[in-house]
Amino acid sequence: MAIEKVKEYFKQFDMEDRIQEFDVSSATVELAANALKVEPARIAKTLSFKKDEHALLLVTAGDQKVDNRKFKDYFGIKAKMLTPGEVDEMVGHSVGGVCPFAVSEDVEIYLDESMKRFETVFPACGSSSSAIELSCEELYKYSRAKGWIDVCKGYN
């Protein structure tokens, strides 16, 4: 199970106890916000795109949508989301629990600037009923992201 991989990943940093698991689903931004009792914008949603023959993950604030023009200008490709089967196969997590931790080796991870307006955000942890509260600095460090980018609509 992917959440076990994420727990094992965070164990090396002595942080596995910070992972929260819920009795209810947190598979969507709205469900996660309800489970955590926070505003939806603070949910760090992880979107899965296809880049060449591997996955590209983009983590954004929960209230944001990808701007196709900004995405294409930054990556040089059209934003094409992975199918649920491709997400499982290429990322190593299932839709609803996709996160930037304990992913397949060739996955590229980027963080959108839209999250920087918050002191902490809540990404999933490999299951559709989990999350971890992280500062933006922690998210950058533990996700091993390639960088902060601006590819969302109406932000900045």
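Is R144 buried or exposed? R144 is exposed, with a relative accessible area of 54%, and the legends below start from there. The model is predicted, so local features need pLDDT of at least 70 and side-chain atom pairs count only at pLDDT 80 or more, while totals for chains, interfaces and linings use all residues. Residues are numbered from 1 along each chain as its sequence is written, and side-chain values use heavy atoms, with hydrogens and water left out.

**View 1. Two positive phi angles outside glycine, at R144 and A102.** R144 sits in the loop between α5 and β8 (147–149); helices (H or I, at least four residues) and strands (E, at least two) are DSSP runs numbered from the N terminus. Phi of R144 is near 55°, a positive value. The exposed label fits because exposed means over 50% relative accessible area, buried under 20%, and partly exposed in between (1.4 Å probe, protein chains only). Now turn to A102, in the loop between α4 and β4. Its phi is also positive, at about 55°, although A102 is not a glycine.

**View 2. The largest nonpolar core, with M115 as a guide.** A nonpolar core is a set of buried Ala, Val, Leu, Ile, Met, Phe, Trp, Tyr and Cys residues joined through side-chain atoms within 4.5 Å. This one holds 33 residues, and F10, F101, M115, I132 and L139 touch the most other members. Two or more residues come from each of α1 (2–11), β3 (54–61), α4 (84–91), β4 (108–112) and α5 (136–143). Leaving out residues up to four places away in sequence, M115 touches A44, V59, T60, A61, V121, C136, L139 and W148; contact here means heavy atoms within 4.5 Å. A second, separate core has 11 residues, including L47, L56, L58 and Y110. In soluble globular proteins, nonpolar side chains tend to be buried together.

**View 3. The largest pocket and its lining.** Its space comes to about 390 Å³. On a 1 Å grid over the protein atoms alone, a pocket is an open set of points where a 1.4 Å probe fits, with protein on both sides within 12 Å along at least five of seven lines; lining residues have an atom within 4 Å of a point. Grid points are joined across faces, edges and corners, and the volume is the space filled by probe spheres set on the points. The lining counts 24 residues, and A27, K45, T46, G96 and V98 lie nearest the centre. At least two lining residues come from each of α2 (29–36), β2 (43–51), β5 and β6, with β2 giving the largest share, six residues. By class, the lining has 16 nonpolar, seven polar and one charged residues. Ala, Val, Leu, Ile, Met, Phe, Trp, Tyr, Cys and Pro count as nonpolar, Asp, Glu, Lys and Arg as charged, and the others, Gly among them, as polar.

**View 4. S127 in a loop between two strands.** The loop runs between β5 (120–123) and β6 (130–132). S127 is buried, with a relative accessible area of 8%. Its side chain makes a polar contact of 3.0 Å with that of S130. A polar contact is a pair of N or O atoms within 3.5 Å; within protein, one must be able to donate a hydrogen and the other to accept it, and residues adjacent in sequence count only if both atoms are side-chain atoms. Beyond four places in sequence, S127 touches I3, G96 and G97.

**View 5. Q20 in strand β1 (residues 19–21).** Q20 is partly exposed, at 30% relative accessibility. Although Q20 and I132 are 112 residues apart along the chain, their C-alpha atoms are separated by 5.9 Å. Not counting residues up to four places away in sequence, Q20 touches L36, F122, S129, S130, A131 and E133.

**View 6. E86 and T83, linked from side chain to backbone.** E86 lies in helix α4, and T83 in the loop between α3 (68–75) and α4. The side chain of E86 reaches the backbone nitrogen of T83 at 2.8 Å. E86 counts as buried at 19% relative accessibility, whereas T83 is partly exposed at 40%. Outside four places in sequence, E86 touches K50 and V91.
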